[in-house]
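The following account is intended to be read alongside the sequence and the three-dimensional structure. Please keep both in view while following the paragraphs below.

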Amino acid sequence: MKILFYGTASYDKVSFTKELKNYPDIKIDFIDSNLTPMTAALARGYDGVCAFVNAEAGAMTLEILSGFGVKLVLMRCAGYDAVNVPVAKDLGLTVTRVPAYSPEAIAEHAMGLALCANRRIHRGYNRVRDNDFNLEGLVGVTLHGRTAGIIGTGRIGAALCRICKGFGMTVLGSDLYPNQKLVDDGIIDEYVEYDELYRRSDLISLHAFLNDESHHMINDASIAKMKDGVIFVNTGRGGLVDTQALIRGILSGKIGAAGLDVYDEEGPNVYQNRSGEIVDSVTSRLCSFPNVVMTSHQAFFTVEALGEIARVTLDNAQAFKDGTDYVERSVVC
């Protein structure tokens with residue numbers, strides 16, 4: 001089975017090559033180009049393609065892939081926002097993903113962003129590098145004894161709940177499908193509706209699925225319901241947050257600190273080096289605020305996560321070839 005691997009980074013090649021020895025029936029060719037309508041024709045002669053969260057797997061791309069005989073789209077990420085799933089289904093393409101490669105890694109990064117933004121660690125670090133030991137503007141709040149509100153309590157949200165409990169916080173959860181076991185085990189103190197979570201939480205972290213209902217769930221109205229000075233973290237999906245509303249919340253002081261690994265307008269920047277460009281973007285605006293910390297979609301980025309991504313992706317490729325069951329919850333269509 002031949003797979004064309006799009007958007008290869010050095011760490012992708014290392015992690016997948018390490019695992020490939022266990023899959024003698026699968027051959028992968030790695031290329032730097034991302035999957036787009038312009039590059040889809042490169043997959044001619046391949047059985048499948050492998051792409052990441054920043055791919056452009058819309059209708060045109062999928063139609064080109066199908067026209068060249070590609071039958072399998074392996075998304076090496078948990079989300080499949082980049083794929084036009086109804087079109088893929090109509091074309092008879094199988095789309096898979098990696099549903100939960102490292103929930104703890106993402107949860108740890110979320111807490112790291114919260115701590116860094118709250119305590120202005122990034123600013124303190126830069127000051128000390130310049131021999132400036134002044135503490136003005138660096139004051140934060142103690143998390144112990146405060147309330148964390150976790151929106152979305154699947155594997156990642158639950159992992160962050162456990163971390164917050166370790167910090168001595170009261171933990172509120174909001175989820176369309178509450179997990180009573182998390183309450184029974186003392187990991188979540190209480191499930192509440194969104195509005196109550198906004199009202200009571202000192203720290204809010206997003207881990208919800210992105211769909212039509214959740215798109216821009218964080219907006220001017222929801223921010224207005226939050227506590228003044230709330231710590232806000234998003235390592236989920238950028239589209240969950242109306243960025244301009246978030247900026248207004250930061251300017252008003254409603255949001256006292258923000259840690260962002262994703263944001264709605266990140267598409268052109270994800271995993272790209274644009275350091276030589278003059279970029280007029282929402283990223284620049286957000287980075288200008290002293291109480292905002294941003295990273296580039298790296299919450300998942302650990303050795304363990306990369307290994308799991310490679311194993312699950314290759315397991316799904318093997319299952320497609322053999323006509324056997326895919327990894328649990330990984331088939332999109």
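**A core, a sheet and the spaces between**

Leaving aside neighbours within four places in sequence, L65 is in contact with L35, A40, A43, V49, V70 and V73. This is a predicted model, and the contacts described here should be read in that light. L65 belongs to the largest nonpolar core, a set of 49 residues in which L35, V49, L62 and L65 have the most contacts. The elements that contribute two or more residues to this core are β1 (2–5), α1 (10–20), β3 (48–51), α2 (59–67), β4 (72–75), α3 (85–90) and α12 (303–322). Of these, α12 gives the most, with 7 residues. A second core, separate from the first, has 29 residues and includes Y198, M226, V230 and I247. As a general background to both cores, nonpolar side chains in soluble globular proteins tend to be buried together.

Several of the strands named above also take part in a sheet. Five strands, in the order β2-β1-β3-β4-β5, form an open sheet with parallel pairing. At its edges are β2 (27–30) and β5 (94–96), each of which pairs on one side only. From one strand to the next, the twist averages 20 degrees. In general, the strands of a sheet pair through backbone hydrogen bonds, in either a parallel or an antiparallel manner. Here β1 and β2 pair in the parallel sense over 4 bridges, and I3 has I28 in β2 as its bridge partner.

Helices accompany this sheet. Helix α1 lies across β1 and β2, and runs at about 165 degrees to β2. Helix α12 packs on the sheet as well, touching β1, β2, β3, β4 and β5, and its direction makes about 165 degrees with that of β4. The helix that touches these strands is also the element that gives the most residues to the largest core.

A further helix, α5, spans residues 121–129, and H122, G124 and R127 are buried within it. What do the buried residues of α5 pack against? They pack against α4 (103–119) and β12 (292–294). Just after α5, N131 takes a positive phi of about 60 degrees. By way of context, most residues other than glycine have a negative phi.

Two histidines also depart from that pattern. H216, in the loop between β9 (203–206) and α9 (220–224), has a phi near 55 degrees. H297, in the loop between β12 and α12, likewise has a positive phi, near 55 degrees. Are these two residues buried or exposed, or do they fall in between? The relative accessible area of H216 is 23%, so this residue is partly exposed, the limit for a buried residue being under 20%. H297 has a relative accessibility of 11% and therefore counts as buried.

Attention may now turn to I150, in strand β6 (residues 147–151). I150 has a relative accessible area of 0% and is therefore buried. Not counting residues up to four places away in sequence, I150 touches G157, L160, C161, C164, V171, L172, G173, S174, L197, S205 and H207. I150 and Y191 are 41 residues apart in sequence, and their C-alpha atoms are 9.6 Å apart in space.

One of the residues touched by I150, H207, also takes part in the lining of the largest pocket. The volume of this pocket is about 1,100 Å³. Its lining comprises 44 residues, of which I156, H207, A208, F209 and L210 are the closest to the centre of the pocket. At least two lining residues are supplied by each of α4, α6 (155–166) and α8 (194–200). Which of the helices gives the most to the lining of the largest pocket? Helix α6 does, with 3 residues.

Enclosed space completes the description. How many cavities of 30 Å³ or more does a search of the whole structure find? The search finds 1, and about 40 Å³ of space lies in the largest cavity. Its lining is formed by N234, G238, V241, T243, L246, L260, V262, Y263 and D264.

Terms used. Residues numbered from 1 in each chain as written. Predicted model: local features only at pLDDT ≥ 70, side-chain atom pairs only at ≥ 80, totals over all residues. Heavy atoms only, no water. Core = buried A, V, L, I, M, F, W, Y, C linked by side-chain atoms within 4.5 Å. Buried < 20%, exposed > 50% of the residue type's maximum accessible area, 1.4 Å probe, protein only. Contact = heavy atoms within 4.5 Å. Pairing = 2+ DSSP bridges. Axes fitted to C-alpha atoms, helices over the stretch in contact; angles between N-to-C directions. 1 Å grid on protein atoms, 1.4 Å probe; cavity = no way out; pocket = protein on both sides within 12 Å on 5 of 7 lines; lining within 4 Å. Points joined across faces, edges and corners; volume = space filled by probe spheres on them.
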